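Biologist: I would like a close look at one part of this structure, the cysteines, and then at what can be said of the rest around them. Please give the reasoning along with the values.

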Amino acid sequence: MNFRIVSALLTVLLLWSIQISTVEAVNLEQGKQIFNAICSSCHARGGNVIMGNKTLQKHVLEKYSMASTDAIVQQVTYGKNAMPAFEGRLSSEQIESVAAYVLEQAEQGWRKKR
């Protein structure tokens with residue numbers, strides 16, 4: 001009896017983790033597509049053509065307290081300084097996927113193929 005319960009729990013956990021991985025992959029792919037279509041005109045390869053010192057490189061995001069999904073979501077949603085707000089133009093799911101993509105790329109030094 002205990003073996004069956006443990007086996008069932010492990011199966012549920014495994015299926016749950018696979019589902020989470022699939023959702024993250026979908027969000028990253030969506031984030032990549034949105035970033036390339038909208039954001040890359042100013043932020044190609046993690047740069048910043050408007051304010052050259054505020055790139056999307058990991059150390060810069062950390063310096064300006066932007067190295068989290070929440071911080072990037074806020075910036076993209078409401079804008080700041082020269083960055084326009086995307087609230088109303090992108091859904092919250094789309095904005096979150098862009099934030100996840102930016103963080104993933106920052107972690108990899110923006111070297112991964114986009």
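Biologist: How many disulfides does the count come to?

Modeller: The model is predicted, and the count comes to 0 disulfides. A disulfide is a covalent bond between the sulfur atoms of two cysteines. For Cys39, the closest cysteine sulfur is that of Cys42, and the gap of 8.8 Å is too far for a bond, because the two sulfur atoms would have to be within 2.5 Å. Cys42 is likewise in no disulfide, its nearest cysteine sulfur being that of Cys39. The two residues also fall in separate accessibility classes. Cys39 has 13% relative accessibility and so counts as buried, since the limit for that class is under 20%. Cys42, with a relative accessible area of 28%, is partly exposed.

Now the chain as a whole. It has 4 helices and 0 strands, which gives the pattern α-α-α-α along the sequence. Of its 114 residues, 29% count as buried. Among contacts between residues at least 6 apart in sequence, 52% join residues at least 24 apart.

The helices also supply the lining of the largest pocket, which holds about 600 Å³ of space. Helix H1 (2-43), helix H2 (58-63), helix H3 (69-78) and helix H4 (92-107) each give at least two residues to that lining. H1 has the largest share, with 6 residues. In total the pocket is lined by 27 residues, and those nearest its centre are His43, Asn48, Leu56, Gln75 and Met83. Sorted by class, the lining comprises 19 nonpolar, 6 polar and 2 charged residues.

Two of those central residues, Leu56 and Gln75, lead on to Met66. This methionine sits in the loop between H2 and H3. Met66 has a relative accessible area of 18% and is therefore buried. From Met66 to Leu56 the C-alpha distance is 8.9 Å, with their positions 10 residues apart in sequence. With neighbours within four places in sequence set aside, Met66 is in contact with Leu61, Ala71, Ile72 and Gln75.

Further along, Asn81 lies in the loop between H3 and H4. Its phi is near 55°, a positive value in a residue that is not glycine. Asn81 is exposed, because its relative accessible area is 61% and the class begins over 50%.

H4 can be checked for length. Its 16 residues, at 1.5 Å a residue, should span 22 Å, and its end C-alpha atoms are 23 Å apart, so the two values agree. Buried residues in H4 include Ile95, Val98, Tyr101 and Leu103, and Glu104 and Gln105 are among them too.

The backbone just past this helix has two positive phi values to look at. Gly109, just after H4, takes a positive phi of about 70°. Trp110, in the segment after H4, has a positive phi of about 55° although it is not a glycine. Asn81 and Trp110 differ in accessibility: Asn81 is exposed, whereas Trp110, at 5% relative accessibility, counts as buried.

To return to your question, Cys39 is buried, Cys42 is partly exposed, and the sulfur of Cys39 is too far from that of Cys42 for a bond.

Terms used: Residues are numbered from 1 along each chain as its sequence is written. This is a predicted model: local features need pLDDT of at least 70, side-chain atom pairs count only at pLDDT 80 or more; totals for chains, interfaces and linings use all residues. Side-chain values use heavy atoms; hydrogens and water are left out. On a 1 Å grid over the protein atoms alone, a cavity is a set of points where a 1.4 Å probe fits but cannot get out, and a pocket is an open set with protein on both sides within 12 Å along at least five of seven lines; lining residues have an atom within 4 Å of a point. Grid points are joined across faces, edges and corners, and a volume is the space filled by probe spheres set on the points. Ala, Val, Leu, Ile, Met, Phe, Trp, Tyr, Cys and Pro count as nonpolar, Asp, Glu, Lys and Arg as charged, and the others, Gly among them, as polar. Buried means under 20% relative accessible area, exposed over 50%, partly exposed in between (1.4 Å probe, protein chains only). Contact means heavy atoms within 4.5 Å. The expected span of a helix is 1.5 Å times one less than its number of residues.
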